Amino acid sequence: MAALLPKVGMRQPKLRLSRAAIAAFLGLGVLLHLLPFYYIVSTSLKPGAEVVSTPPTFIPSAITLDAWKLVLQIGDNAEIVQLVQEPFWVYFVNSAFITLLAVGLGLPVTALAAYANSKLQSGRSARLSFLFFIGTMMVPFVVTLVPMYLLTLNFPFTLPDAPTIPGTDSEFPTLRLWDTPWAVILPAIFVPFNFLLFKGFFDTIPDSVINAARVDGGSELNIFRRIVMPMAVPVFAVTAYMSFGSVWDNFLWQLVTLQSPDKVTMSVATYQLIDRLSTKGTTGGGAAAQAEGMSDLLNSGLTWNGMMVLAILQSIPIFIAFLVCREYLLRGIKIRGLK
Amino acid sequence: MRIRLADVTKRYLREGSLRVASDEPPALDHISLDIADGETVSVVGPSGCGKSTLLRLVAGLETADCGTVHYDEHDVADVAPQDRGIGMVFQDYALYPTMKGAGNLKYYFDVHRRTEDEARARAKEIADIMGVGFELLLGQQTTTLSGGEQQRVAIARCIVRDPTLFLMDEPIVNLDAKLRESTRMEMAKLLKRYGITTMFVTHDQQEAVFMGDRIALMRAGRVVQIGTFDELYYSPVNLFVATFFGSRPLAVLPATVADRTVRFGEAAWPLPAVLADRLEPGPVRIGVRPEAWRFAGAESGGGARMAVDRIESVPAERLTLAHGTVSGARVTVVAPAGTAGDVLWLTPDWEAATFFAADGEHALHTPGAPEFF
């Protein structure tokens with residue numbers, strides 16, 4: 001922080017003024033960023049009727065925890081069963097399971113791939129595998145969406161139905177990943193961007209350190225675990241945080257692959273809830289039906305304030321992940337112990 | 001342990017290239033070496049000559065394209081560096097940055113599943129050998145140590161395991177002059193004490209002479225000559241070896257041999273009988289070391305005329321050096337104290353002069369080591 005605001009020359013009025021201006025500008029930016037958060041929190045505490053009133057109120061007229069209670073009992077409440085079928089914590093657990101597994105499997109795989117590429121391969125093979133890994137970054141996600149979807153149906157084949165073994169009636173054995181958590185976890189394991197980060201770091205470790213450990217008798221895996229990993233803690237923190245966020249917040253792919261109500265994740269469940277809320281509130285033939293639908297919702301108590309509660313609950317894990325990795329994220333990728 | 005390399009060749013790929021560059025000169029070009037048990041061999045040469053590659057190859061960290069490496073009777077081509085029982089000191093020390101000094105020493109015992117007590121006992125033993133204050137270093141994070149301290153930890157890490165072979169890759173080149181001197185002394189003592197076969201890579205000829213029982217001089221991936229200092233200094237196989245050793249430049253004079261005399265510029269000298277019998281008439285090059293000149297009288301025309309550019313005195317070594325040219329060739333001579341003037345008359349000391357071919361660099365005649373005692 002000290003380097004951000006140097007003390008040099010601070011006696012000069014012009015510099016003080018410009019520094020104050022910078023501080024004011026940054027403060028304004030911070031306020032702008034915090035405003036949505038304020039709206040989320042304040043809306044979640046408003047009573048249902050106030051949420052849909054126009055113009056929206058900036059300060060809640062009354063603070064109530066109704067929405068919070070409602071969301072936490074979402075599956076028990078008879079009225080809301082029409083909207084979502086499972087209690088809220090099911091979605092939360094689904095998301096947590098998928099995210100933790102994707103990060104927990106993904107980091108070692110990506111780190112080891114990068115390490116092998118950086119230190120164990122050399123010459124042409126290193127170059128080719130590097131290009132291969134990075135090449136996966138060059139294809140936009142939307143391009144691979146449909147082929148990936150087809151892959152999840154009958155894993156090794158990109159076909160809606162598994163082909164039959166020639167000469168017989170039986171089908172090839174395939175992995176049916178679709179509508180299982182693995183359809184989300186497996187593609188998220190190798191992250192090319194994390195691979196780049198790891199590779200960039202491992203390239204800065206002098207070969208002689210690795211060689212010294214080899215001469216000391218450490219196996220390649222032991223060297224990675226005992227020598228390289230402790231050096232790479234900040235990189236692990238950055239990549240863990242980023243892949244945690246990307247899997248937890250991922251929406252499109254999870255919407256495509258997870259259909260059973262009990263397998264849906266937080267982000268998809270929130271979306272479905274919004275979708276049903278807005279359909280029920282706005283369509284259904286004529287103003288009368290619309291008003292009726294709206295009053296139904298209001299009676300059940302769940303409107304946008306409930307959505308805000310879900311939004312808060314959904315962002316809490318990201319916030320926790322940030323707190324865990326904060327020290328290393330703020331430090332950037334400044335590596336301890338290297339010149 | 002005896003180390004034998006037979007006809008080892010190693011070629012690198014160009015960095016970042018997908019194609020094999022066949023025009024690239026090999027890093028090691030048909031190297032054969034035989035290091036006796038307990039012997040210390042200094043490998044010396046200009047930078048980029050392949051000496052570090054040679055060391056890594058002996059350690060098993062590189063694989064040879066062809067040729068064999070034997071430890072005693074065993075071909076170690078298929079033995080991983082982990083299993084070779086060697087100790088290696090790297091130029092940049094290569095300490096494990098996330099461990100303390102003690103952790104660096106202990107890692108070997110950890111991966112070999114030895115007991116904690118043994119590791120500690122050995123570390124203590126090494127600390128006694130490494131001298132005063134070493135145990136303090138072990139408690140510190142290695143990144144906070146100075147270069148000299150890191151170097152001591154690196155050497156300790158290398159010897160803590162009782163290696164059968166020491167490999168040292170310019171271990172003291174990063175130290176300041178004074179520390180280098182004392183460390184060199186310490187290391188020579190250590191090597192003597194353990195009597196372990198050692199390869200010591202350096203680019204500093206003085207260090208090579210000091211540390212090595214024998215010296216292997218390398219150039220462009222080849223071992224040009226291997227032998228004791230006297231052999232390399234007084235019987236160089238070629239001009240490169242002759243110019244590499246010696247802290248002051250060897251004068252190389254193009255001359256002609258004819259009628260049992262040697263003619264250089266305007267000067268001509270009758271050749272001593274031994275030389276006259278050995279040298280074919282024709283052009284040669286004469287290598288004369290600065291201390292191997294004789295001075296004729298300042299006035300008379302005896303010998304070759306040297307136009308003096310500068311007279312330099314080196315008080316620490318009680319030397320006076322005269323730099324100048326003799327018939328266009330640059331010459332440095334060790335002059336008698338109090339020498340002054342613009343002109344010196346010189347005659348090479350034929351017993352210490354080396355003759356090289358004029359068209360190649362191989363030696364035609366070398367003086368051989370003088371009998372001092």
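Two strands count as paired if DSSP finds at least two bridges between them. The model described here is predicted, with an ipTM of 0.82 and a pTM of 0.81. Chain B has an average pLDDT of 84, and 95% of the residues score at least 70. The points below cover the domains and sheets of chain B, the contact between chains A and B, and selected parts of chain A.

**Domains of chain B**

- The domain assignment divides chain B into domain 1, residues 3–240, and domain 2, residues 241–365.
- Between the C-alpha centres of domain 1 and domain 2 of chain B the distance is 39 Å.
- The contact between the two involves 11 residues of domain 1 of chain B and 11 residues of domain 2 of chain B.
- On the domain 1 side of this contact, strand 10, helix 8 (229–234) and helix 9 (239–244) of chain B each give two or more residues.
- That side of domain 1 of chain B is made up of 8 nonpolar and 3 polar residues, with no charged residues.

**Six-stranded sheet of chain B**

- An open sheet of 6 strands in chain B has the order 6-7-8-3-9-10 and mixed pairing.
- Its edges are strand 6 (86–89) and strand 10 (222–227) of chain B, each of which pairs on one side only.
- On average, and with direction ignored, neighbouring strands of this sheet are turned by 15° against each other.
- Strand 9 of chain B, residues 214–219, pairs with strand 10 of chain B through 5 bridges in the antiparallel sense.
- Within this pair, I215(B) is placed opposite G227(B) of strand 10 of chain B.
- Strand 10 of chain B thus has two roles to note: an edge strand of the sheet, and one of the elements on the side of domain 1 of chain B that touches domain 2 of chain B.

**Four-stranded sheet of chain B**

- A second open sheet of chain B holds 4 strands in the order 2-1-4-5, with antiparallel pairing.
- Strand 2 (28–35) and strand 5 (74–75) of chain B are at the edges and have a single partner strand each, so one side of each has no neighbour in the sheet.
- Strand 1 of chain B, residues 3–10, runs antiparallel to strand 2 of chain B and is joined to it by 5 bridges.
- I3(B) has I35(B) of strand 2 of chain B opposite.

**Strand 19 of chain B and its partners**

- Strand 19 of chain B spans residues 343–348; L344(B), L346(B) and P348(B) form its covered face, while V343(B), W345(B) and T347(B) form the uncovered one.
- Strand 15 of chain B, residues 293–295, is antiparallel to strand 19 of chain B and shares 3 bridges with it.
- In that pairing R294(B) lies opposite T347(B), a residue of the uncovered face of strand 19 of chain B.
- Strand 16 of chain B, residues 304–314, is also antiparallel to strand 19 of chain B, with 4 bridges between them.
- Here A304(B) has L346(B) as its bridge partner, and L346(B) belongs to the covered face of strand 19 of chain B.

**Contact between chains A and B**

- The contact involves 22 residues from chain A and 20 residues from chain B.
- On the chain B side, strand 6 and helix 2 (101–111) of chain B each contribute at least two residues.
- Helix 2 of chain B gives the largest share of that side, 3 residues.
- By class, the chain B side holds 14 nonpolar, 5 polar and 1 charged residues.

**Helix 9 of chain A**

- Helix 9 of chain A, residues 207–215, has 8 of its 9 residues buried, so it is largely enclosed by the rest of the structure.
- The buried residues are S208(A), V209(A), I210(A), N211(A), A212(A), A213(A), R214(A) and V215(A).
- Their cover includes helix 4 (88–120) and helix 10 (220–231) of chain A, and also helix 1 (51–59), strand 6 and helix 2 of chain B.
- G217(A), just after helix 9 of chain A, has a positive phi of about 105°.

**Q259 of chain A**

- Q259(A) sits in the loop between helix 12 (252–257) and helix 13 (266–282) of chain A.
- Q259(A) is exposed because 11 other C-beta atoms lie within 10 Å, and the cut-off for exposed is 12 or fewer.
- From C-alpha to C-alpha, Q259(A) and W178(A) are 8.8 Å apart in space, and in sequence they are 81 residues apart.

How values were computed
Residues numbered from 1 in each chain as written. Chains lettered and ligands numbered in written order. Predicted model: local features only at pLDDT ≥ 70, side-chain atom pairs only at ≥ 80, totals over all residues. Axes fitted to C-alpha atoms, helices over the stretch in contact; angles between N-to-C directions. Contact = placed C-beta atoms within 7 Å. Nonpolar A, V, L, I, M, F, W, Y, C, P; charged D, E, K, R; others polar. Domains from an automatic or database assignment. Buried ≥ 20, exposed ≤ 12 C-beta atoms within 10 Å, placed from the backbone. pLDDT = per-residue confidence, 0-100.
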